[in-house]
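Got the viewer open? Let's take a short walk through this one, a selection at a time.

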Amino acid sequence: MRRVVVTGLGLVTPLGSDVETTWANILAGMSGAGPITRFDASDQKCRIACEVKPADHPYGFDASKRVDTKIQRQVDPFIVYGIDAAGQAIEDAGLLEMDEATRLRAGCSIGSGIGGLPGIEKESLVLHEKGPGRVSPHFVHGRLINLISGQVSIKYGLMGPNHAVVTACSTGAHSIGDAARMIRDDDADIMLAGGAEATICPIGIAGFAQARALSTAFNDEPEKASRPYDEARDGFVMGEGAGVVVLEEYEHAKARGAKIYAEVVGYGLSGDAYHVTAPHPEGSGAFRSMEMALRKAGMSPADIDYINAHGTSTPLGDELELGAVRRLFGDAMSGVSMSSTKSAIGHLLGGAGAVESIFCILALRDQIVPPTLNLDNPSESCVGVDLVPHKAKKRPVRAVLNNSFGFGGTNASLVLKLVD
Amino acid sequence: MSDTADRVKKIVVEHLGVEADKVAPDASFIDDLGADSLDIVELVMAFEEEFGVEIPDDAAEKIATVGDAIKYIDDNKG
């Protein structure tokens, strides 16, 4: 069977515009949360978010580094973040100079949960105020979810599969899982895979707040708002950014002497078949997704050292996920560390699964697990599990599990491990 | 350079992300400034907004260079 490994990483997050800065800030226990600066949020129930910082910030994002100014004007920010993260991953993998034969076998699977919401909001107002003749000719293709994959394929000449997953907050994990299968099935040798999101705009914040999904109790203490498993948690904090990995067929990577971070060994998917926003009360979808990923990997729970949880900091979701993990892991629970990095960078929605997979890969590389911030008083059902409160923890990390769950009751789990 | 030319140039630089000195009167939007047909639609909209002129589709199709745009605007603005 064709094996799939990770050979390049790229990140744009609220804690950094590259992989190493973001990771150092995550391990240092920093928070990317703050008051919303993108727009006047004074009339919103939720007035905080984890924004990607501007270019003049110490770890801010300079869009001009990898994206033409013309394209920056035409497309929504989620596409800009996605193009940049994909560029970082290609550079990291040493694949900037691919010949035509290689590019014919290289593709993209970079999705988004929502897509170009800020641009849809803005152009709707143009339509309303100025009429249809003033709507931008770039409106449609500047907002479409598959246009990260489209733009990246054009920029780097990637002629293999061109795919984009849309499964809400599971998007990033499904993107990597699907892309790994494409390599395994011999559709491609190289896939850029990941997800991006940028929906910190009035209608995005209002919509999630009205769905009672966002934290609203910590508007004056933004850094304390994202607190998975903590008693005082009251909803997620919206993040933004992108995560993209280069997946590559193992022999292909070895033959060119590529640096190999990890192997994608398991991928599980399931549906809750229960409710559009609420998770299944027994966490059955989460359980089956994780179980399938482990089965595909040929591994047992005792082989997993770290779980990067979905753990969004919502009252219902965190405990249901943890309950499902407990049931699946049984006695192996005592050996595993589980944390939610959403406590630091917020919830990147369609980008989350990809960004968090990269944190898993870095945990494998550095043999350290990132912390769950603000976990001062764990909820009763969360006691007795190593949720890595407050501080990163050095420990052996041989294999990791990453969970992502989305609206619609869609679940994805990935298992990654160091290459033997 | 006329006032119209200055303002046209500013719009072109902003929309196409090109160096200002490349935006000469004889520069072709497509061949010299890297625009595609949709970029031209967008530029025409920006000219209409800036100068309060209406540029119908058949006239817009004949605007190929920066100079064509300046001339059309000067001939038609109120």
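Start in chain A by selecting helix α10 (residues 284-297) and helix α11 (residues 315-329): they pack at an angle of about 45°, and their axes are 9 Å apart. Keep in mind that you're looking at a predicted model. That angle makes α10(A) oblique to α11(A), since angles that are neither roughly parallel, roughly antiparallel nor roughly perpendicular count as oblique. The crossing of this pair is right-handed.

Now show the side chains where the two helices touch. From α10(A), pick Ala286(A), Phe287(A), Met290(A), Glu291(A) and Leu294(A); from α11(A), add Ala324(A), Val325(A), Arg327(A) and Leu328(A). Colour them by type and you'll get seven nonpolar residues, two charged and no polar ones.

Next stop: chain B. Select helix α1 (residues 3-16) and helix α2 (residues 37-51) of chain B, whose axes cross at roughly 140° and come within 10 Å. α1(B) and α2(B) are therefore oblique to each other. Here, too, you'll see a right-handed crossing as α1(B) passes α2(B).

Which residues make this contact? On the α1(B) side, look for Thr4(B), Arg7(B), Val8(B), Ile11(B), Val12(B), His15(B) and Leu16(B). On the α2(B) side, they are Asp39(B), Glu42(B), Leu43(B), Ala46(B), Phe47(B), Glu50(B) and Phe51(B). The contact of α1(B) with α2(B) has eight nonpolar, two polar and four charged residues.

Now bring both chains into view and look at where they meet. You'll find 14 residues of chain B in contact with twelve residues of chain A. The area buried between the chains is about 1100 Å², and carbon and sulfur atoms give 45% of that. Want to highlight a few residues in chain B? Try Glu42(B), Met45(B) and Glu49(B), which lose the most area to chain A: together they account for 42% of what that side buries.

How many salt bridges run between chain B and chain A? The count is five. For one to zoom in on, select Lys70(A) and Asp39(B), whose side chains meet in a salt bridge at 2.6 Å, N to O. You've already met Asp39(B) in the contact of α1(B) with α2(B).

Over all chains, the salt bridges come to 32. For the last stop, head back to chain A and select Arg3(A) and Glu263(A): they form a salt bridge, with the closest N and O atoms 2.8 Å apart. This pair links distant parts of the chain, 260 residues apart. Arg3(A) sits in the segment before β1 (4-12), while Glu263(A) is in strand β8 (residues 262-271).

Key
Residues are numbered from 1 along each chain as its sequence is written. Chains are lettered from A and ligands numbered from 1 in the order in which they are written. This is a predicted model: local features need pLDDT of at least 70, side-chain atom pairs count only at pLDDT 80 or more; totals for chains, interfaces and linings use all residues. Side-chain values use heavy atoms; hydrogens and water are left out. Axes are lines fitted to C-alpha atoms, for helices over the stretch in contact, and angles run from 0 to 180 degrees between N-to-C directions. Helices (H or I, at least four residues) and strands (E, at least two) are DSSP runs, numbered from the N terminus. Angles under 35 degrees count as roughly parallel, over 145 as roughly antiparallel, 65 to 115 as roughly perpendicular and the rest as oblique. A crossing is left-handed if the near helix is turned anticlockwise from the far one by less than a right angle, and right-handed if clockwise. Contact means heavy atoms within 4.5 Å. Ala, Val, Leu, Ile, Met, Phe, Trp, Tyr, Cys and Pro count as nonpolar, Asp, Glu, Lys and Arg as charged, and the others, Gly among them, as polar. Buried area is the accessible area (1.4 Å probe) that two parts lose on being put together, summed over both. A salt bridge is a side-chain nitrogen of Lys or Arg within 4 Å of a carboxyl oxygen of Asp or Glu.
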